[in-house]
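Grab your viewer and work through these exercises one at a time. Each task comes with a solution that goes step by step.

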Amino acid sequence: MITKEELTAGIRRDLNLEDAETDINESYAAVPKKYDLNTELLSTKAKHAHKEIYQNHIEKLNRVSAEQDGVNRQEDFARYHDLKKREIFELNAVYLHELFFANISDVHSEITMDTLTFMRLERDFGNFDSWQYDFVANAMSSTSGWAVCAYSTFLQRYINFFVDGNDGCIPVGCYPVIAIDVWEHVYFRDYLDDKKSYVYAMMKELQWDVIEERFKRAEKIAGAMR
Ligand SMILES: [Fe+2]
């Protein structure tokens, strides 16, 4: 298996950055993870195409982070600005896709009332149905982006929000626990413009056991921030 150093060196070679006058090396050298998407609510073609999109984001993230290593950070602020924006866009795209792939496609999806997830969503949204109602509203409001449920360290509660693109309208200080991709590239093959049916389909098969582990980690963050 290729090491981070080898991957980074390869990208730097491709970009002619080997002799760049910098000793800064922030390249991420991310590698794609494997996800078994057993759902039949998305076609095989759509799932395959989506995994390719995820891999493309990883390649772009690695390249843009390597490119940053070659920027003169004492003078070339316009270029650094451009690269940093691209880096955050790709970084979020990778992270959000990994959250999404890991929290969908449970054909036996079930949430029980004794889980931390259920109790926290009831506490912060009044009841579970109200959380769902609000989450779907966020999914439908985003033109091309994401619906996210996250723990806000500032508000000390869970909130739903949408992300426009991969980097717009993101509240600071949040730990994401549920993410649904609502870019057209996910649903247009199988659902055409019926985005709502796609959103309901994904929510029907949420991996509540994966989400429960995220809520447990969020609870530790909440405890540490008190
Ligand atoms: Fe996507």
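**Exercise 1: the hairpin**

In the hairpin formed by β1 and β2, with four residues between the strands, Q156 adopts a positive phi near 55°. One thing to keep in mind throughout: this is a predicted model.

Task: Work out how β1 and β2 pair, and which residue of β2 is the bridge partner of C149.

Solution:
- Start with the two strands: β1 covers residues 145-152, and β2 covers residues 157-164.
- Now check the direction: β1 and β2 run antiparallel and are joined by eight bridges.
- Then look up C149: its bridge partner in β2 is N160.

**Exercise 2: the other edge of β1**

Task: Find out how β1 is joined to β3, and which residues of β3 pair with V148 and C149.

Solution:
- β3 spans residues 174-181, and seven bridges tie it to β1.
- This pair runs antiparallel.
- V148 sits opposite A179 in β3.
- For C149, the bridge partner in β3 is I178.
- Put that next to Exercise 1: C149 has N160 as its bridge partner in β2 and I178 in β3.
- Now the surroundings of the strands. In β1, seven of the eight residues are buried, which leaves the strand mostly covered.
- β3 is largely enclosed by the rest of the structure, because seven of its eight residues are buried.

**Exercise 3: one side of a helix**

Task: Which residues of α7 are buried, and what covers them?

Solution:
- Helix α7 runs over residues 195-204, and its buried residues are Y198, V199 and M202.
- These three cover an arc of only 100° around the axis, so they lie on the same side of α7.
- The general helix rule is handy here: an α-helix has 3.6 residues a turn, so residues three or four places apart point the same way.
- As for the cover, α5 (128-141), β3 and α6 (184-191) are among the elements lying over the buried residues of α7.

**Exercise 4: odd phi angles and a loop residue**

Task: Place S105, C169 and T143 in their loops, and decide for each whether it is buried, partly exposed or exposed.

Solution:
- A bit of background first: most residues other than glycine have a negative phi.
- S105 isn't a glycine, yet its phi is positive, at about 75°. You'll find S105 in the loop between α3 and α4 (116-125).
- Count neighbours for S105: 21 other C-beta atoms lie within 10 Å, and the cut-off for buried is 20 or more, so S105 is buried.
- C169 also has a positive phi, about 70°, without being a glycine. Its loop is the one between β2 and β3.
- C169 has 14 C-beta neighbours inside 10 Å, so it counts as partly exposed.
- T143 belongs to the loop between α5 and β1. With 12 C-beta neighbours inside 10 Å, T143 counts as exposed.
- One distance to try in your viewer: the C-alpha atoms of T143 and F162 are 9.4 Å apart, while 19 residues separate the two along the chain.

**Exercise 5: two domains**

Task: Describe the side of domain 1 that touches domain 2: which helices supply it, and what kinds of residues does it hold?

Solution:
- The split goes like this: domain 1 is 4-102 and domain 2 is 116-225.
- Their centres, taken over C-alpha atoms, are 24 Å apart.
- In terms of contacts, 17 residues of domain 1 meet 15 residues of domain 2.
- On the domain 1 side, α2 (44-69) and α3 (77-102) each supply at least two residues.
- α3 gives the largest share, with nine residues.
- By type, that side of domain 1 holds eleven nonpolar residues, five polar ones and one charged one.

**Exercise 6: the whole chain**

Task: Sum up the architecture and say how the radius of gyration compares with the globule rule.

Solution:
- Count the elements: eight helices and three strands.
- In sequence order they read α-α-α-α-α-β-β-β-α-α-α.
- The radius of gyration is 19 Å, close to the 17 Å that the globule rule gives for 226 residues, so the protein is as compact as a globular protein of that length.
- Along the principal axes, the C-alpha atoms fill a box of roughly 60 × 45 × 35 Å.
- Of the 226 residues, 32% are buried.
- Finally, take the contacts with a separation of 6 or more: 69% of them are between residues 24 or more positions apart.

Methods
Residues numbered from 1 in each chain as written. Predicted model: local features only at pLDDT ≥ 70, side-chain atom pairs only at ≥ 80, totals over all residues. Domains from an automatic or database assignment. Contact = placed C-beta atoms within 7 Å. Nonpolar A, V, L, I, M, F, W, Y, C, P; charged D, E, K, R; others polar. Rg over C-alpha atoms; globule rule 2.2 N^0.38 Å. Pairing = 2+ DSSP bridges. Arc of directions from axis to C-beta.
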